[in-house]
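Subject: Structure for you to look at, with notes

Dear colleague,

I am passing on the structure we spoke about, together with my notes on it. Please open it alongside this message, so that you can check each point as you read.

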Amino acid sequence: MKRASREQFDPRVFTLLCHRGLHDANTTENGLRAFAKAKEKNLPFELDVHLSKDGHLVVSHDSDLKRTTGKEGIIEEMDLGYLKKNYRLLDGEEVPSFLEVLSQTNEQVPIVVELKPYKGNAKLLAKALLNELSFIKEKKNIVVISFDPRALFPLKKSGYMRGLLVSSGRPSILNLRGFFEFLCPGKDLLTNRKVMGYRKKGGIVNVWTLESEEEVQNAKNYADILTFQFLSDEAIERVRPKISSDGEDEA
């Protein structure tokens, strides 16, 4: 697989990437309010999608809605309509569908979509994503990532850039890095020999999840895409890389 070049992404991806939107104590992660806040700052954002029982993509980090809604329930075991009627995020917002996020964002900022398979539904999840992305005008506006290679393989000829997520808990997944367009290691893997070698050979690295100005500044030496959370507005402006008119980082 040929590694991606920067020209295959919207250049804003190389500034800062909001992990689950711009969320905080008053704005629940992976909600329309968190995504709207990112859009207002012209920042790309990452989100997670699951497949509902009736085949719709639902935006949530976990399959179980307990942590973000206060009420137990597995997304994959309920229809979207039932979920919408019976669950609310902790800040009062609805649990959004992926189509609602696409409609609200309207391709005005890039979105990084993490596919979250559940009990062997990786292929169905990938198929549902392609279906819901059918009206996207500019494929650079959407990037797809996953810890599960089986969710990324069906998207090989889709035209969307695919990133393989790798955690320190399963470093052996790094051996599959050549099958996808870019690599997404956890921040504790940034100085891993394979990760550093991958980037040295021209591979694009998306690091997650940075939670301080110091971490962001350090990661700039090892990664191209900087996924962050919990930074203040002032901190974001201090560490946010600038993109020139030709799409390159400005020193």
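The notes below go through the structure by topic.

Please keep in mind throughout that this is a predicted model.

Strand 5 and its surroundings

I would begin with strand 5 (142-146), where 5 of the 5 residues are buried, so that the strand is largely enclosed by the rest of the structure. In a regular strand, side chains alternate between the two faces of the sheet. Here Ile142, Val144 and Ser146 point to one side of strand 5, while Val143 and Ile145 point to the other, and all of them are buried. Strand 5 pairs with strand 4 in the parallel sense, over 4 bridges, and Ile142 of strand 5 is the bridge partner of Ile111.

Helix 5

Helix 5, which spans residues 122-132, has as its buried residues Ala122, Leu125, Ala126, Ala128, Leu129 and Glu132. These cover an arc of only 160° around the axis, which puts them on the same side of helix 5. What do the buried residues of helix 5 pack against? Their partners are strand 2 (45-51), strand 3 (57-59), helix 4, strand 4 (111-115), strand 5 and helix 6. On the face turned away from the buried side, helix 5 carries the exposed residues Lys123, Leu124, Lys127 and Asn131.

Aromatic pairs and charges over rings

A search of the whole structure finds 6 aromatic pairs, and I describe two of them here. Phe9 and Phe182 form an edge-to-face pair, with 5.4 Å from centre to centre and 85° between the planes. This pair links distant parts of the chain, given that Phe9 is in the segment before strand 1 (17-19) and Phe182 is in strand 7 (residues 182-185), 173 residues apart. Phe9 and Phe182 are both buried, and ring pairs join them with Phe14 into a cluster.

The rings of Phe147 and Trp208 have centres 5.6 Å apart and planes at 90°, so this pair too is edge-to-face. It likewise links distant parts of the chain, with Phe147 in the loop between strand 5 and helix 6 (149-152) and Trp208 in strand 8 (residues 206-210), 61 residues apart. Both rings belong to residues that are partly exposed: the relative accessibility of Phe147 is 33%, and the relative accessible area of Trp208 is 22%.

Two lysines lie over the faces of tyrosine rings. Lys71 lies over the face of Tyr87 at 4.9 Å from the ring centre, and Lys139 lies over the face of Tyr160 at 5.2 Å from the ring centre.

Backbone geometry that deserves a check

Most residues other than glycine have a negative phi, and most peptide bonds are trans. Against that background, I would ask you to examine the peptide bond between Trp208 and Thr209, which is cis, with omega about -25°; Thr209 is placed in strand 8.

Arg20, which is not a glycine, has a positive phi of about 65°. Arg20 is found in the loop between strand 1 and helix 1 (32-40), and it counts as buried because its relative accessibility is 12%, under the 20% cut-off. Lys119, also a residue other than glycine, has a positive phi near 50°. Lys119 is located in the loop between strand 4 and helix 5, and is exposed, with a relative accessible area of 71%.

A helix end and a buried aspartate

At the N-terminal end of helix 7 (residues 193-200), Asn192 acts as a cap, with a side-chain oxygen 2.8 Å from the backbone nitrogen of Lys194. Just after helix 7, Gly202 takes a positive phi of about 100°.

Asp91, finally, lies in the loop between helix 3 (80-86) and helix 4 (98-105). Is Asp91 buried or exposed? With a relative accessible area of 18%, Asp91 is buried. A polar atom of the Asp91 side chain lies 3.0 Å from the backbone nitrogen of Glu93. Once neighbours within four places in sequence are left aside, Asp91 is in contact with Asn26, Thr27, Thr28 and Arg33.

With best wishes

Methods: Residues numbered from 1 in each chain as written. Predicted model: local features only at pLDDT ≥ 70, side-chain atom pairs only at ≥ 80, totals over all residues. Heavy atoms only, no water. Polar contact = N/O pair within 3.5 Å; in protein donor to acceptor, adjacent residues only side chain to side chain. Helix = DSSP H or I, 4+ residues; strand = E, 2+ residues; numbered from the N terminus. Buried < 20%, exposed > 50% of the residue type's maximum accessible area, 1.4 Å probe, protein only. Contact = heavy atoms within 4.5 Å. Phe/Tyr/Trp six-rings, centres within 6.5 Å; stacked < 30°, edge-to-face > 60°. Lys NZ or Arg CZ within 6 Å of the ring centre and 35° of its normal. Arc of directions from axis to C-beta. Pairing = 2+ DSSP bridges.
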